Amino acid sequence: MADFDAVIVGAGAVGLAAGYALAKRGQSVVLLERENSIGAGISSRNSEVIHAGLHYPTGSLKARLCVEGRRALYAFLEAHSVAHDKCGKLIVATEDSEIPALEDLFRQGEINCVEGVRRIDGAEARALEPQLRAVAALDSVESGVMDAHGYMLALEGEIEAHGGAIVLNTPFLGASPSNEGYDVRAGGEAPMTISTRRLIIAAGLGAQACARGIENFPADRIPELHLGKGNYFALQGVKAPFARLIYPPPIPGALGTHYRRDLGGVARFGPDLQFVDHEDYVVDPARAASFYETVRRFWPGLPDGALTPDYAGIRPKLHGPGEHQGDFVIDDSVENLTCLFGIESPGLTSSLAIGEEVARRLGV
Ligand SMILES: Cc1cc2nc3c(=O)[nH]c(=O)nc-3n(C[C@H](O)[C@H](O)[C@H](O)COP(=O)(O)OP(=O)(O)OC[C@H]3O[C@@H](n4cnc5c(N)ncnc54)[C@H](O)[C@@H]3O)c2cc1C
């Protein structure tokens, strides 16, 4: 008999959602987290935006899991009284040359079965958001913002209520196949070996390193990791100008530097996309110049000196600069093992659906 039905590596939004999906099916589950709290990785350094699902290519995991995940997420947040605001999103064209990109997004939204999207002209966009500069926009009412940490605490509560456990300060060191599934080696103050029927790697930026530690996982199935840093600037001394999320048309590799008003009323702009070669979360104040330029395209009223460096997050990208942006990778090619790679945006929105997908693929 194995000690557990499932060991999950990583207690970010995705590992917690996978733990919830398995625990509620009656599986005995333990999550190993190397940091001293849950959600200390990418899940704490993002935009906390609930995406409707317009942006993702036909038939991709991102398209399906974002739409399914978003629907499940709103229901979960409601049921667990986690703060969120379905404030809506305007994706704006600020010049005529950007209108075809909006048309493409609108059609992609229809293909992806995204509810509540309509085309509006510049006058209607300004009627909704008087400080906005736009010649046309898509109005997506299903988009919103959420308290990501509150969400992860609620998932932790669900896992524990179903008999599961989350062990902090416990890095995954490696795993060997066994008769039952896997023997998992964990470090920390009390190093141990745990036997499990199934192993799930949901380690965000650490996924590739974890996969390299699994004896029977083929090295050629481990995708190269690229670090896509996203910097944010906060608005200081000026009232948040818009109630809705404001996005430009997407840029290659990301959704584009956007505006959001968080649940505390703070207005922020970001993230941009900066490929880096090591994890570094410092925001270079010199990047402000490009933020002023980008933001003033849709908000000409941004005063000089109002942007201040805020925070940064790093996307676990599977493509480098100028390369095609790929899909989430959920690798289930080895029996009893699921490795998640490249869970960048919309990974937070998709997390509950990713958890369900992991459970389904493991046949639980
Ligand atoms: C700048 C930015 C903006 C984003 N904005 C959005 C957004 O608005 N909406 C959206 O839907 N998505 C967004 N995303 C994507 C979203 O944040 C991620 O997809 C999601 O948080 C990934 O969760 P995760 O659990 O896979 O990773 P993480 O949250 O990083 O969790 C992985 C965990 O594994 C742990 N770990 C790593 N190695 C080991 C090991 N060896 N042993 C034990 N534990 C280990 C880490 O400590 C970490 O806690 C954004 C991402 C970024 C970077």
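Asp139 is buried, at a relative accessible area of 7% (buried means under 20%, exposed over 50% and partly exposed in between, with a 1.4 Å probe and protein chains only). This is a predicted model, in which local features need pLDDT of at least 70 and side-chain atom pairs count only at pLDDT 80 or more, while totals for chains, interfaces and linings use all residues. Residues are numbered from 1 along each chain as its sequence is written, and side-chain values use heavy atoms, with hydrogens and water left out.

Asp139 forms a salt bridge with Arg118, the closest N and O atoms being 3.2 Å apart (a salt bridge is a side-chain nitrogen of Lys or Arg within 4 Å of a carboxyl oxygen of Asp or Glu). Asp139 belongs to strand β7 and Arg118 to strand β6 (residues 117-121), so the pair ties together parts that are 21 residues apart in sequence. Helices (H or I, at least four residues) and strands (E, at least two) are DSSP runs, numbered from the N terminus. Unlike its buried partner, Arg118 is partly exposed, at 37% relative accessibility.

The structure holds 28 salt bridges, and helix α2 offers some good examples. Arg70 pairs with Glu142 through a salt bridge whose closest N and O atoms are 3.7 Å apart. This pair links distant parts of the chain, with Arg70 in helix α2 and Glu142 in the loop between β7 (136-140) and β8 (144-146), 72 residues apart. Arg70 is buried, with a relative accessible area of 1%, and Glu142 also counts as buried, at 18%.

A local pairing is found between Glu68 and Arg64, which form a salt bridge with closest N and O atoms 3.7 Å apart. The two are four residues apart in helix α2, and are therefore separated by about one helical turn. Glu68 is partly exposed at 36% relative accessibility, as is Arg64 at 34%. Both take part in a network of salt bridges that links Arg64, Glu68, Asp332, Glu357, Arg360 and Arg361.

Lys62 lies in helix α2 (residues 61-79) and counts as buried, at 3% relative accessibility. The side chain of Lys62 makes a polar contact of 3.2 Å with the side chain of Glu344 (a pair of N or O atoms within 3.5 Å; within protein, one must be able to donate a hydrogen and the other to accept it, and residues adjacent in sequence count only if both atoms are side-chain atoms). Beyond residues up to four places away in sequence, Lys62 touches Tyr56, Gln325, Gly326, Asp327, Phe328, Glu344, Ser345 and Pro346 (contact means heavy atoms within 4.5 Å).

Glu344 leads on to the ligand: a polar backbone atom of Glu344 is 3.2 Å from a ligand oxygen. Ligand oxygen atoms also lie 3.0 Å from a polar backbone atom of Val14 and 3.2 Å from a backbone N or O atom of Leu348. Taken alone the ligand exposes 1000 Å², of which the protein buries 97% (Shrake-Rupley method, 1.4 Å probe). The elements giving two or more residues to the surrounding shell are α1 (13-23), β18 (307-317) and α8 (347-361). Of the 39 residues around the ligand, Glu33, Ser43, Val49, Ile343 and Thr349 come nearest (a residue is near if one of its heavy atoms lies within 4 Å).

Pro285, in contrast to buried Lys62, is exposed, with a relative accessible area of 54%. Pro285 sits in the loop between β17 (274-276) and α7 (288-298).
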